[in-house]
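Me: I have a structure open and would like to go through it piece by piece. Can you help me read it?

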Amino acid sequence: MAPTKRRVLIVGGQFTGNFSARDLKKHFHVTVVDAKEFFEYTPGVLRAFVKPAHFDALSFTLQPVLERKIGVKFIWGEVLNLDQDAKKATIQPMFSPKGVLDEVGFDYCLLCNGCNFNPMHKWGESLWFPTVHANCRAEGSWAHIDERFIEGRRRHILEEYHKIADLNTGDKTVLVVGAGFIGVELATEIEYFFPEIQLTIIDFLKRCLGPLPDSAAEYCSEYMHAAGIKEFYEQKYSPGDKKFYENIEMPNMADKEYICVGVKSSNYFMNKEVLSDKGPGGGGWIHMNEHLQVEYKPTFVDGNEVRGDVYGDGSIFAVGDCNYGCIGNPKQWVLPPIPKISYPGEEQALHACINIIRKDKLQYGGHGMCTSTKMLKTWWPWGAGMFATSLGPHDACFVMAANDVKGSGYMVNWWLPAAIQKEFIETTKIDECRDGWVGCMIWHFVHHTPMHCWGKGCTQSPQNCCAGRCCFACPNQSSFCGSTCCGT
Ligand SMILES: Cc1cc2nc3c(=O)[nH]c(=O)nc-3n(C[C@H](O)[C@H](O)[C@H](O)COP(=O)(O)OP(=O)(O)OC[C@H]3O[C@@H](n4cnc5c(N)ncnc54)[C@H](O)[C@@H]3O)c2cc1C
């Protein structure tokens, strides 16, 4: 007889892993494994480098929250391998000697292991994400600090804070490479807390904030101009090249440089056959299908791309920053690229959780309210078009309704109200991830809603779709139909 509850292994305990643990705990025996002992609210971490006390508000240790509040099992360790046939993960637990490994079996596995940042570094090392993987730590620039511990992370933040503070003498320069939202936020945070530092920001593109609408880019540019941050666009970063530094009015080069140019995959434990050859930072992203099940990478037949089969028996799902973020190719998207931000990651986590429940129902029955066994197709969530860019603590701009078309979306909130909005999101999101009731009340219905407002709209085929009855984006909209694509 099948056991009453199957086992789900979740790799990663941040936004998507935490969300999935809360959603799956009553249906399955859930285990979360994370290479670090703590949760860190990544969108707020830049502030911690200029105001270290802020780190306490952004972080908490995972074990008490996951095990005592949410009610799932937590393993502090790094997943080194995933065996699709035997359905087990090989883990290096934190407190076992190196090479003494644990094997943890699962019936379903949800990959929520995110990514690193800074494609210019071999392993993607950056200040914005703790260095947690064994291979990266060995070759990292701050090997004297172990960021798998919350105290290690705190010490690293303090160390960097002092480096920045020492530059606040009036004659020191800092170069921020990349004027996307991370670069703009970092430059404006440094400028606010250390006004004596001479800041310069550059980008390869024609303006800041990459794909976001002109109105938001102009707003941020105006702020930086007023704050005395020099901006140079259409500049290729050439470290060490005198001519490059002369072009950006830094003839003596910069006293410190921060690289803020994007993401780098860190799916080291996955079979190479499921990892993309292309994509940001040189590829290595997990291919997934419309149900968010991991699939083999595509092959090419007569120059045409042929999608790979589902990996294993379809019990392994990948959501959030770790996956390829799109299905198909620029000639014919099945799912156009989705930004690597937390809202779409959590929306995907919801879709994957629904599919795990439905797959389990099909095989074993049960699951109370769940009436469907048909797998849900994911979509481009409207919330993937929401971006809040802070400009120091008292200014920000908020864009919504952006989609995969460059320049799309509208700046709907700015200045102090947008800064307050960003703080509100930060405080309540962290509370939700801590399983606090205020945060859960506010955020639960953001994803657990039958409505799919707008953005890219529903990508269901007409046969699987509710014919638009629950999608505001669809011309056929009327009332909520409770059909398969609504996620209930
Ligand atoms: C500076 C900055 C600002 C940002 N601002 C915003 C913003 O304003 N709004 C927004 O929506 N998004 C923002 N983002 C993006 C957002 O933080 C990410 O999209 C989000 O964190 C992704 O969540 P995730 O759960 O997919 O992965 P992550 O948050 O990356 O979590 C992955 C977890 O998996 C663990 N892990 C990785 N590999 C292993 C392994 N092998 N074994 C065990 N555990 C492993 C990691 O330790 C980590 O805890 C920002 C990102 C940065 C860097």
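Reply: We can take the ligand, the domains, one sheet and a few single residues in turn. Keep in mind that this is a predicted model.

Me: Ligand to start with. How many residues surround the ligand, and which are closest?

Reply: The ligand is surrounded by 35 residues. Gly 12, Gln 14, Pro 43, Gly 114 and Gly 320 are the closest.

Me: Which elements supply at least two residues of that shell?

Reply: Two helices from the early part of the numbering, α1 (15-24) and α2 (45-50), do so, along with the strands β2 (29-34) and β5 (73-83) and helix α10 (342-364).

Me: And how do the shell residues divide into nonpolar, polar and charged?

Reply: The shell around the ligand has 18 nonpolar residues, 12 polar ones and five charged ones.

Me: Now the domains. Where are the bounds of domain 1 and domain 2?

Reply: Domain 1 is made of 7-121 + 264-377, and domain 2 of 169-254 + 383-426. Their C-alpha centres are 30 Å apart.

Me: How many residues does the contact take from domain 1 and from domain 2?

Reply: Domain 1 gives 15 residues to the contact and domain 2 gives 11. On the domain 1 side, α2 and α10 are the elements that give two or more residues. That side has 11 nonpolar residues, one polar and three charged.

Me: So α2 and α10 come up again?

Reply: Yes. Both give two or more residues to the side of domain 1 that touches domain 2, and both also supply at least two residues of the shell around the ligand.

Me: Next, the four-stranded sheet. What is the strand order, and is the pairing parallel or antiparallel?

Reply: The order is β12-β11-β10-β13 in an open sheet, and the pairing is parallel. Its edge strands, β12 (230-232) and β13 (256-259), each pair on one side only. Direction ignored, neighbouring strands are turned by 20 degrees against each other on average.

Me: What holds paired strands together in general?

Reply: Strands of a sheet pair through backbone hydrogen bonds.

Me: How many bridges join β10 to β11?

Reply: Five bridges join β10 (residues 173-177) to β11 (residues 198-202). One example is Val 176, whose bridge partner in β11 is Ile 201.

Me: Which helix lies across β10, β11 and β13?

Reply: That is α7 (residues 181-193), which runs at about 175 degrees to β11.

Me: Switching to single residues. Where is Met 94 found, and what does Met 94 touch?

Reply: Met 94 is in the loop between β6 (88-93) and β7 (102-105). Leaving out residues up to four places away in sequence, Met 94 touches Trp 76, Gly 77 and Arg 148.

Me: Why does Met 94 count as partly exposed?

Reply: Because Met 94 has 16 C-beta neighbours inside 10 Å, and a residue would need 20 or more to be buried, or 12 or fewer to be exposed.

Me: Which residues that are not glycine have a positive phi?

Reply: Lys 87, with a phi of about 50 degrees, and Leu 292, with a phi of about 70 degrees, are among them. Lys 87 sits in the loop between β5 and β6, and Leu 292 in the loop between β14 (263-264) and β15 (299-301).

Me: How many other C-beta atoms lie within 10 Å of Lys 87 and of Leu 292?

Reply: Lys 87 has 19, so Lys 87 is partly exposed. Leu 292 has 29, so Leu 292 is buried.

Conventions: Residues are numbered from 1 along each chain as its sequence is written. This is a predicted model: local features need pLDDT of at least 70, side-chain atom pairs count only at pLDDT 80 or more; totals for chains, interfaces and linings use all residues. A residue is near a molecule or strand if its C-beta atom, placed from the backbone, lies within 6 Å of it. Ala, Val, Leu, Ile, Met, Phe, Trp, Tyr, Cys and Pro count as nonpolar, Asp, Glu, Lys and Arg as charged, and the others, Gly among them, as polar. Domain bounds come from an automatic or database domain assignment. Two residues are in contact if their C-beta atoms, placed from the backbone, lie within 7 Å. Two strands pair if DSSP finds at least two bridges between them. Axes are lines fitted to C-alpha atoms, for helices over the stretch in contact, and angles run from 0 to 180 degrees between N-to-C directions.
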